[in-house]
Amino acid sequence: MIHPSAVIHPKAKLDSTVRVGPCAVIDEGVELGANCVVGPLVYITGLTTIGAGNVFHAGCVIGDSPQDFKYKNEPTRLRIGDNNTFREHSTVQRSNNTAEDTVIGSRNFIAHHSHVAHNCQIGNEILLGGGAILAGHVAVHDRAFLSGNCLVHQFCRVGALAMMQGGSGISKDLPPFCVATQLNEMCGLNVVGLRRAGISAEQRLELKKIYHLLFRGGLNFRAALEEARKSFSSAPAKTLLDFVAGAKRGIVSDVSKATRENENE
């Protein structure tokens, strides 16, 4: 199950069910769980722990050193859960310090030529489209959908079930359940994603009311947030409100508000 041209360090820990393709390289500090498939020309390095059922397509580079000038060759880590797919030439870097790992959860799809930088925290069931780039320290919450060629600035957060349209970019936080478009703009709720996730019609209506109150109502943001907390109490509502309350980089603007601001410049 290991191709004779593969190069595997004697101290690497591979489950007996792991399959390794031609010319793959697996370094000393790597641990691979059951039923993983390592395709041709894949390079897995660093102190990288990988769970079961992960598939690495041709040319992936997993666990290499962070692209960070502060990094001084410390023994930093990457942790990957179960049943993830890494398509051709995707890259994932280990962290830039020993106090924090780069973490990827389970059941994610990391498409071709996408990049997950150091210290990112990636949840579960996320789709990262082809050519999408996550800078360092980005957090992406469960079931988010980032389309092709999206850009996420360092330290930003993408909320649960949020969606980024193709080619969009953010340097602020994108709230849960919302859709990013263009640059630092959003255009409403990810209604299709909410339905597929089993969010009820009543809860979707509640989220719509919260969205309008927070981002289109014209109120001072803190006052609007306080009003929303008094009026809405479902679990999805709490997820959205807690996220925006914790924003440190600010929140992307609703497209109607951004348009008004541009017209007034």
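Start by selecting strands β24 and β26 in this predicted model: the two pair in the parallel sense over two bridges. Now click on Met 163 and look across to β26, where Val 179 stands opposite.

**Along β26**

Next, select residues 178-181, which make up β26. Show the side chains and see how they take turns: Cys 178 and Ala 180 point one way, while Val 179 and Thr 181 point the other way. Are these four residues buried or exposed? All of them are buried.

**Across to β27**

Add residues 185-189, strand β27, to your selection. Here the strands run antiparallel, and three bridges join β26 to β27. To find one pair by eye, highlight Cys 178 and its bridge partner in β27, Leu 189. Then follow the chain round the hairpin of β26 and β27, which has three residues between the strands. Stop at Gln 182, which takes a positive phi near 55°.

**A stop at Ser 168**

Select Ser 168, in the loop between β24 (163-164) and β25. Why does Ser 168 count as buried? Its relative accessible area is 1%, and the cut-off for buried is under 20%. Around Ser 168, beyond residues up to four places away in sequence, you can show what it touches: Asn 149, Cys 150, Leu 151, Ala 180, Thr 181 and Gln 182. You have already met Gln 182 in the hairpin. Now look at the side chain of Ser 168: one of its polar atoms lies 2.6 Å from the backbone oxygen of Gln 165. For a further marker, pick Ala 132, which is 36 residues from Ser 168 in sequence and 9.6 Å away in space, C-alpha to C-alpha.

**The open sheet**

Which strands form the open sheet of nine? Colour them in order: β1-β4-β7-β10-β13-β16-β19-β22-β25, with parallel pairing. At the edges are β1 (7-8) and β25 (169-170), each pairing on one side only. Inside that order, zoom in on β13 (residues 91-93) and β16 (residues 115-116), joined by two bridges. Thr 91 stands opposite His 115 there.

**Last stop: helix α4**

Finally, select residues 235-245, helix α4, and pick out Val 244. Val 244 counts as buried, at 1% relative accessibility. What is Val 244 in contact with, leaving aside neighbours within four places in sequence? Show Pro 175, Leu 214, Phe 215, Phe 221, Leu 225 and Ile 251. Of these contacts, try Leu 225: Val 244 and Leu 225 are 19 residues apart in sequence and 8.5 Å apart in space, C-alpha to C-alpha.

Terms used. Residues are numbered from 1 along each chain as its sequence is written. This is a predicted model: local features need pLDDT of at least 70, side-chain atom pairs count only at pLDDT 80 or more; totals for chains, interfaces and linings use all residues. Side-chain values use heavy atoms; hydrogens and water are left out. Buried means under 20% relative accessible area, exposed over 50%, partly exposed in between (1.4 Å probe, protein chains only). Contact means heavy atoms within 4.5 Å. Two strands pair if DSSP finds at least two bridges between them. A polar contact is a pair of N or O atoms within 3.5 Å; within protein, one must be able to donate a hydrogen and the other to accept it, and residues adjacent in sequence count only if both atoms are side-chain atoms.
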